[in-house]
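Biologist: I have not looked at this one before. Can you walk me through it?

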Amino acid sequence: MSKKKLEELIKKKNGYITTQDAIYEGIHREYLTMLVEEEKLIRISPGVYQSIDAWEDKLYAYQQKKKHMIYSHDTALFLHGLSDRDPIQYSVTLPTGYNTSQIKQINLMTYTIKPSLFELGKMTMKSPFGNEITVYDKERTICDIVRSRSRIDQQILKDGLKRYTKDKSKNLNNLLEYAKKMGIDNVLRNYMEILL
């Protein structure tokens with residue numbers, strides 16, 4: 001019965017399952033091992049499994065490995081439609097003091113910010129494969145690329161800012177509030193004056 005329940009849960013979660021998900025649903029972890037042995041599941045990292053017939057969703061899989069990280073910068077620009085460039089290396093933000101060595105091992109570009117600003121603009125959205133991921137909203141993303149302008153490709157920065165100014169769903173009040181909290185309101189204002 002639990003094996004059938006587990007297979008249904010995997011389908012419901014678009015082909016991905018974590019050990020925590022299974023335990024939460026009252027399914028013993030031994031059923032995950034059984035499905036791996038039957039070659040129905042692949043263990044992609046400790047506690048994270050993918051169905052053999054599921055599309056590989058790296059954004060979702062990486063976030064299942066490290067739930068504390070939030071997709072940001074050029075990755076968030078792409079996810080929000082503010083850039084056409086699909087990032088070669090995904091960018092994530094973590095709170096200052098978090099051990100980033102394991103994140104760097106899975107080839108992610110890491111940024112850090114003080115813990116009091118870490119959740120500012122945090123939201124969830126669907127990945128291109130339909131799985132729920134955590135990402136910064138458009139306004140926080142614009143603030144991040146301006147704040148990290150020395151590490152960002154200038155063409156991506158300019159293109160992202162131009163697209164944001166034309167975006168009908170932009171929220172300039174949030175943008176200015178975030179910029180002030182992040183200490184980049186003057187720099188952002190200079191960029192926006194040129195574009196608006």
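**Overall layout**

Modeller: The protein chain has eleven helices and eight strands. Keep in mind that this is a predicted model.

Biologist: What size of box do the C-alpha atoms fill?

Modeller: Roughly 60 × 35 × 25 Å, taken along the principal axes. The accessible surface of the chain is about 11,000 Å², and carbon and sulfur atoms account for 49% of that.

Biologist: How much of the chain is buried?

Modeller: Of the 196 residues, 47% are buried. As for contacts with a separation of 6 or more, 54% are between residues 24 or more positions apart.

Biologist: Which residues touch the most other members of the largest nonpolar core?

Modeller: Ile142, Cys143, Leu175, Met182 and Leu188, in a core of 25 residues. At least two residues each come from β6 (109-113), α7 (115-118), α8 (138-147), α9, α10 (172-182) and α11.

Biologist: What does Met182 touch?

Modeller: Leaving out neighbours within four places in sequence, Met182 is in contact with Ile113, Leu117, Leu120, Arg140, Cys143, Asp144 and Arg147. There is also a second, separate core of 17 residues, with Ala61, Leu79, Tyr90 and Ile133 among them.

Biologist: Now charges. How many side chains are positive and how many negative?

Modeller: There are 32 positive and 25 negative side chains, and the centres of the two sets are 5 Å apart. The whole structure contains eleven salt bridges.

Biologist: Which part of the chain does Arg163 tie to which?

Modeller: Arg163 forms a salt bridge with Asp84, at 2.6 Å from N to O. Arg163 is in helix α9 and Asp84 in the loop between α5 and β5 (91-95), so the pair ties together parts 79 residues apart in sequence. Arg163 is partly exposed at 26% relative accessible area, while Asp84 is exposed at 60%.

Biologist: And where are Lys181 and Glu177?

Modeller: Both are in helix α10, four residues apart, which is about one turn of the helix. Their side chains meet in a salt bridge of 3.2 Å, N to O. Lys181 is partly exposed, with a relative accessible area of 46%, and Glu177 is partly exposed too, at 38%.

Biologist: Which residues are joined into one network by salt bridges that share partners?

Modeller: Lys3, Glu7, Glu38 and Lys40. Within that group, the closest N and O atoms of Lys40 and Glu7 are 3.5 Å apart. Lys40 is in the loop between α3 (30-37) and β2 (41-45) and Glu7 is in helix α1, 33 residues apart.

Biologist: What about Asp185, how far is the nearest side chain of opposite charge?

Modeller: That side chain is Arg189, 4.5 Å away. Asp185 is buried and has no salt bridge, because a salt bridge needs the nitrogen within 4 Å of the carboxyl oxygen. Asp185 is in helix α11 (residues 185-195), and it touches Ala179 and Lys180, not counting residues up to four places away.

Biologist: Changing topic to the backbone. What is the phi of Asn14?

Modeller: Near 55 degrees, a positive value in a residue other than glycine. Most residues other than glycine have a negative phi. Asn14 lies in the loop between α1 (2-12) and β1 (16-18) and is partly exposed, at 38% relative accessibility.

Biologist: And His73, buried or exposed?

Modeller: His73 is buried, with a relative accessible area of 0%. The phi of His73 is also positive, about 50 degrees, and the residue is in helix α5 (residues 73-79).

Technical notes
Residues are numbered from 1 along each chain as its sequence is written. This is a predicted model: local features need pLDDT of at least 70, side-chain atom pairs count only at pLDDT 80 or more; totals for chains, interfaces and linings use all residues. Side-chain values use heavy atoms; hydrogens and water are left out. Buried means under 20% relative accessible area, exposed over 50%, partly exposed in between (1.4 Å probe, protein chains only). Lys and Arg count as positive and Asp and Glu as negative; His and the chain ends are not counted. Contact means heavy atoms within 4.5 Å. Accessible areas come from the Shrake-Rupley method with a 1.4 Å probe; for residues, only the protein chains shown count as cover. The place of a charge is taken as NZ of Lys, CZ of Arg, CG of Asp or CD of Glu. A nonpolar core is a set of buried Ala, Val, Leu, Ile, Met, Phe, Trp, Tyr and Cys residues joined through side-chain atoms within 4.5 Å.
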